[in-house]
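Colleague: Could you take me through this model? Short answers are fine.

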Amino acid sequence: MFLRGLAWFVLVAALRLPGVCQSQQPQPPAKPAPSGMSGIAGGLGAAPVYDEQHLPITKGGIVDKGPVVFQDVTKEAGLSGWIHKMGVPEKNFIVETNGSGVALLDYDNDGWLDIYLVNGSTFNALDGKEEPPHAALFHNNHDGTFTDVAAKAGVTNDRWGYGVSVADYDNDGWPDIYVGNYGKNRLYHNNHDGTFTDVAETARVTLGNWSPGSTWGDYDGDGRLDLYVTGYVHFDRDNLPVAGSKAVGFANCLYRGATVNCGPRGLPGEPDHLFHNNGDGTFTDVTVKAGVEDKDRYYGFSTIFVDINGDGKPDLVVGNDSEPNFLYINKGDGTFDDQSYVSGFALNKDGREIASMGIAAGDYENNGLIDFFVTDFGDDYKVLFHNDGDASFSDVSYKAGIAQTTIPFVGWGDGFIDYDNDGWLDLFMTNGHVYPQVDQHDWGTSFAERPLLFHNVPGAGGKERHFDYVPPVKGSGLAVVVPGRGAAFGDLFNDGKIDVIINPIDGPPVLLRNVNPDHHHWVEMKLVGGAKSPRDATCATVYHKANGMRMRQDVLSSGSYISSNDRRIHFGLGDATNAGTAEIHWPSGAKETIKLPAVDRIYTITEGVGITGALCGGAPCTDAAPAAAPPSQSTKPAAH
């Protein structure tokens, strides 16, 4: 843990801490340097990697031939006219570097995913000297194109935006949007008519300085979704963190010897908050009472409510930048047990904290346990935390074949996605540096970087799984080079294939349509909770048996880097034509088993009722598929 206040003046003079405004004093040999957003991770500078054209591998390594998995359809989809903006190009301050998230949601309940892109801002906009950048709400036109309706919908934000999460917090059947800002946050309540109203003030969830990440979950089992919000840096415009100033302890702020913006290390942090849903449109801050107080004010980014230990109660993970991560286990009595260190999630295998940006949650081994992939700064490998059972995790990044390839990249949004529908979760990661200065030096890295894709394949004897790197083919989506930040994953075209939307910094979004040539089958499920569950079934878990496998997916309100993915459950079935059986663990505690009648459909399943709808190609199915039997209930809902 790192000291604040006066202790910082001592530390900065004694240590060259990555992710910190670094002084020119010698580094004590006994202190290993942890990773950070302004610095060099663990190995104190990995060797640069170049391709055959001597391009940094972060933007090079493009191959002429190979499988094309994604195609960039941004322009054709009508998204290229919207521009993300965050500060000035020079990135003089950390508030200008981190970028924004993106959410996939069906805001009008028409069965098609829409796109909400958070925008940043500038100091001039905050001061009223120029028009603020606007967030975008792209309505899905059902024909491969999208129309920005943010102004009409009332969700332009017009503040300095960072993160977004989606949930139906008032159980009215319509998704609401929470936006984390530098400044006051927003809670956009869905008015059911294509518009939203910001109710954050009356709901008492505005906060006020810098809150990038958020997540929703019914932690106390009362059927209402509660809200957790991360705090990052306390950024004071009246005391700007300028290199050599009192605000940073008179330290220099350097990256590989070049002057860069200062932080996060050495700057005061913002605490995290847990808000209990009172059921009347208001929330109460129960952070201390629930045992999730961020006493040392770590630099929080992404956070997810998800059931880690299989007891049906949502647990909580938080990725902290340059400081140990948090893992809180839900005790079932309205409080949490901090198991960050004992679980193995706080640090990597070397005992170092990492610059955690994005968190992907998924069961990549199909063993029923949730694993986590956490993105990190450049010159450090990105960490795959394997769930060993009993809420214990091991860093298997090198063993799984991910570590070495990821070292040069600065990772942000990430996701476990089954891009080829073979029934095994693959890994996608979007990347981009935080310092424009890197383009002025031959350091083997670049400000704009390309994404990475890894294919989940069996190991020797077909037992242990590992990931094979998928090279970027020239002209394909994996060869797109942008300063990536937020990313969200979902079936945007209702064709059963998982697509990617990226929100880069200072540019248009990137929509990567999944064009993988496989003809594998699939099923998707939109879950609707009953009277004792949240209406949108947040934190429900589905175990799906098909094609000789038992796969797991969870309904999550957040993920990736401060973003929100498609809430519909998606399972690839390979060549199987039997749609299989879904065992649904509802938030209420009820467990139901439902036989799905046909493949290649998007089912709506309502707790206690069964299948209440099905889409084929985005329209109601009209074929003669056999009707589904009512669900078999194995466990009655828990009492509230």
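Modeller: Start with Phe138, which stands opposite Asp148 in E5. Strands such as E5 are DSSP runs of type E with at least two residues, numbered from the N terminus. This is a predicted model, in which local features need pLDDT of at least 70 and side-chain atom pairs count only at pLDDT 80 or more, while totals for chains, interfaces and linings use all residues. Residues are numbered from 1 along each chain as its sequence is written, and side-chain values use heavy atoms, leaving out hydrogens and water.

Colleague: In what sense do E4 and E5 pair, and over how many bridges?

Modeller: The pairing of E4 and E5 is antiparallel, over three bridges. Two strands count as paired if DSSP finds at least two bridges between them.

Colleague: How many residues sit between E4 and E5?

Modeller: Five; the two strands form a hairpin, and His142 in the turn has a positive phi of about 70 degrees.

Colleague: What about the other side, E3 and E4?

Modeller: Strand E3 (residues 114-117) and strand E4 (residues 136-140) also make three bridges, running antiparallel. Leu117 has Ala136 of E4 as its bridge partner, and Tyr116 stands opposite Leu137 in E4.

Colleague: In what order do the strands of that sheet come?

Modeller: The order is E2-E3-E4-E5, an open sheet of four strands with antiparallel pairing. Strand E2 (102-105) and strand E5 (146-148) each have a single partner strand, so each edge strand has one side without a neighbour in the sheet. From one strand to the next, the twist averages 20 degrees. For that, axes are lines fitted to C-alpha atoms, and angles run from 0 to 180 degrees between N-to-C directions.

Colleague: Why is E4 called largely enclosed?

Modeller: Five of the five residues of E4 are buried, so the rest of the structure largely encloses the strand. Buried means under 20% relative accessible area, exposed means over 50%, and partly exposed is in between (1.4 Å probe, protein chains only). Ala136, Phe138 and Asn140 are buried on one side of E4, and Leu137 and His139 on the other.

Colleague: Change of topic. Where is Asp272?

Modeller: Asp272 is in the loop between strand E13 (258-259) and strand E14 (273-277).

Colleague: Which side chain of opposite charge is nearest to Asp272, and how far away?

Modeller: That is Arg297, 9.4 Å away; Asp272 is buried and has no salt bridge. A salt bridge is a side-chain nitrogen of Lys or Arg within 4 Å of a carboxyl oxygen of Asp or Glu. For charge, Lys and Arg count as positive and Asp and Glu as negative, with His and the chain ends not counted.

Colleague: With which side chain does Asp272 make a polar contact?

Modeller: The side chain of Asp272 has a polar contact with that of Tyr228, at 2.9 Å. A polar contact is a pair of N or O atoms within 3.5 Å; within protein, one must be able to donate a hydrogen and the other to accept it, and residues adjacent in sequence count only if both atoms are side-chain atoms. In addition, a polar atom of the Asp272 side chain lies 2.8 Å from the backbone nitrogen of Gly231.

Colleague: What else is Asp272 in contact with?

Modeller: Leaving aside neighbours within four places in sequence, the contacts of Asp272 include Val229, Thr287, Asp294 and Phe326. Contact means heavy atoms within 4.5 Å.

Colleague: Now the backbone. Which peptide bond is cis?

Modeller: One is the bond from Gly263 to Pro264, with omega near 0 degrees. Pro264 is also in the loop between E13 and E14. Most residues other than glycine have a negative phi, and most peptide bonds are trans.

Colleague: What is the phi of His192?

Modeller: Positive, at about 75 degrees, although His192 is not a glycine. His192 is in the loop between strand E8 (186-190) and strand E9 (196-198). Its relative accessibility is 37%, so His192 counts as partly exposed.

Colleague: And Ala537, buried or exposed?

Modeller: Ala537 counts as buried, at 0% relative accessibility. The phi of Ala537 is positive, near 60 degrees, and the residue lies in the loop between strand E31 (521-528) and strand E32 (541-546).
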